[in-house]
Amino acid sequence: MGTLPAGTERPGRASATMPLALTGPAPQAGLDLLRIVRINEEIKSVVGVAFRINIMALNAIFLAKRAGTAARGFGVLSNELRTFSQNLRDCMGELSGLVDACVGEVSVVLRDIRHTRLLRQAVAASSWAGGAAVLAARQAESERHLQRLTARRKALRRALDDAFRMVELGGVLAKSAKIEAAYGQSFAASLAQVSGEFDGVVEEIRKSLEALRRSDFFGRH
Amino acid sequence: MKTTRTIFQDGDHKWVAIVRDPERKGHLIDTNEYLVTHGGQGLLLDPGGAEIFPAVFSALSAEFDPSALAGIFASHQDPDICSSLALWLEFNPQMHCYVSWLWRSFIPHFGGSADTFVAMPDAGMTIALGGLSLTAVPAHYLHSSGNLHLYDAQARMFFSGDVGAALLPPGEDGLFVEDFDAHIRHAEAFHRRWMGSNEAKRSWCERVAKMDIDMLCPQHGAVYQGADVERFINWFDALPVGVVGS
Ligand SMILES: [Fe+2]
Ligand SMILES: [Fe+2]
């Protein structure tokens, strides 16, 4: 059974009634991905430094104990620095989680852009009446993804600001420890060395966080 | 844009070939897509890669309501077979994708949810389409290790995926094979290199030779019809495959 090749030739309609936005959001999202990946790398290095700080705080506590009454003030501060270093580690964990979430959302937005581009081209070249509704639904979904990215971006920015304030406080503690070190009599030199190293490391983290807050990932949106 | 050609019709039972896009970018392999319709429903065979979706969609939608596509048949897992899956699902999220059980958890990387996929067993299965029974036919290791073809006994049409594929030079890209000997030269290197198992090839040839087939429709190249179907099966049976660099 079956009739043979009708051979009806019907080329698809090749008109383009809608503008094809081939530039614009894609390069922006691509840059965002690059920026968030850089932020991720930087945060990983800060996490490494935060570990170092924890060990340094422990050393400072032992040193203060050995110095006894001569370094009572330094001892109090080194305990504070130990608490600071633990808080800093928790804070970096939270930042890493937020960065992961941002990488995920930027990837979704990038996928949406390609998907929507192909869908738009298909609907523009087709005479089928239902295309506009499908495209509108897809664009609404992409818009939801963009809003989710905006929310994540803001959360990351807030967390970076909180981390920055915490590190500034750590800097004050480290500087106070440097002053207290001077009263450490025979331990003064080693206390000064420990508190100096501490101050240097905190300053390193502060600079990193400051640069991260200035990332274009948070700007011009 | 691609062209649609109705290659079988009996009432609303149709096989439509979606072929030859003159605007196709040269770095993308040319593919044939086939639409089978019956009882108001459609099954799209190897719908193609994401980048050619606009060309396939616009051609198909001139023939058939894309929201009435009940399913997609994916002969295997390659990107030129079904990386457009997520885009087709936009038009009917309830659509099913039939694929070898082997690729059941691989193909979802192209889109779809857990409910989208129907895992076809190695022995093949029957696929119902608007009152029509289609048969998924095993073609494993030709070339993919989990590979199925589709037979429509009522229309005597056979979709053969990458088997029968030819890489046609410009100017020799007619829809049907006209001169078998001239055509098969463009298929030889492809079959030697892409098809991995002589044993699998033998059993496929035995299986398919027993079927009544008017047209053998590959995913690349031209459609074999009439005596060329048997000619192709015999040629393939005699060809040593799984050969590098010849
Ligand atoms: Fe393939
Ligand atoms: Fe292929």
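**Two irons and a helix pair: questions on a predicted model**

In this predicted model, α2(A) and helix α1 (residues 53-61) of chain B have axes that come within 8 Å and cross at roughly 30°.

Me: Are α2(A) and α1(B) roughly parallel or roughly antiparallel to each other?
Reply: Their axes cross at roughly 30°. Angles under 35 degrees count as roughly parallel. The crossing itself is right-handed. The two helices are therefore roughly parallel.

Me: And how are α2(A) and α3(A) oriented, roughly parallel or roughly antiparallel?
Reply: Helix α2 of chain A spans residues 72-125 and helix α3 of chain A residues 131-181, and their axes lie 8 Å apart at an angle of about 165°. The cut-off for roughly antiparallel is over 145 degrees. α2(A) and α3(A) are therefore roughly antiparallel.

Me: What is the handedness of that crossing of α2(A) and α3(A), and how many residues of their contact are nonpolar?
Reply: The crossing of α2(A) and α3(A) is left-handed. The residues of their contact include 10 charged and 10 polar ones. The nonpolar residues number 32.

Me: What pattern of helices and strands does chain A follow along its sequence?
Reply: Chain A has one strand and four helices. Of its 221 residues, 41% count as buried. In sequence order the pattern is β-α-α-α-α.

Me: On to the metals! Which protein residues are donors of the iron ion (ligand 1), and how are they spaced in sequence?
Reply: The donors lie 2.1 to 2.2 Å from the iron ion (ligand 1). They are H76(B) and H143(B), each through NE2, with D78(B) and D162(B), each through OD. Along the chain the spacing reads H-x1-D-x64-H-x18-D.

Me: Which parts of chain B does the pair H76(B) and D162(B) tie together?
Reply: H76(B) sits in the loop between β5 (69-73) and α2 (79-82) of chain B, while D162(B) sits in the loop between β11 (157-159) and α4 (180-194). H76(B) is buried at a relative accessible area of 1%, and D162(B) is buried at 3%. The pair therefore ties together parts that are 86 residues apart in sequence.

Me: What are the protein donors of the iron ion (ligand 2), and what spacing do they follow?
Reply: D80(B) and D162(B) donate through OD, Q219(B) through OE1 and H220(B) through NE2, at 2.2 to 2.5 Å from the iron ion (ligand 2). Q219(B) is buried with a relative accessible area of 0%, and H220(B) is buried at 2%. Along the chain the donors follow D-x81-D-x56-Q-H.

Me: Why does the arrangement around the iron ion (ligand 2) count as irregular?
Reply: Four donors count as tetrahedral if all angles lie between 85 and 135 degrees. The four donor atoms around the iron ion (ligand 2) subtend angles of 79 to 167°. That spread makes the arrangement irregular.

Me: Which residue bridges the two iron ions, and how far apart do they lie?
Reply: D162(B) is listed among the donors of the iron ion (ligand 1) and also among those of the iron ion (ligand 2). The bridging residue is therefore D162(B), and the two iron ions lie 3.4 Å apart.

Me: One last stop: is E188(B) buried or partly exposed?
Reply: E188(B) is found in helix α4 of chain B. Its C-alpha atom is 8.2 Å from that of L239(B), 51 residues apart along the chain. With a relative accessible area of 28%, E188(B) is partly exposed.

How values were computed
Residues numbered from 1 in each chain as written. Chains lettered and ligands numbered in written order. Predicted model: local features only at pLDDT ≥ 70, side-chain atom pairs only at ≥ 80, totals over all residues. Heavy atoms only, no water. Donors = N, O, S within 2.8 Å, 3.2 Å for Na, K, Ca; no water. Buried < 20%, exposed > 50% of the residue type's maximum accessible area, 1.4 Å probe, protein only. Axes fitted to C-alpha atoms, helices over the stretch in contact; angles between N-to-C directions. Parallel < 35°, antiparallel > 145°, perpendicular 65-115°, else oblique. Left-handed = near helix turned anticlockwise from the far one by under 90°. Nonpolar A, V, L, I, M, F, W, Y, C, P; charged D, E, K, R; others polar. Tetrahedral: all angles 85-135°; square planar, octahedral: opposite > 155°, others 65-115°.
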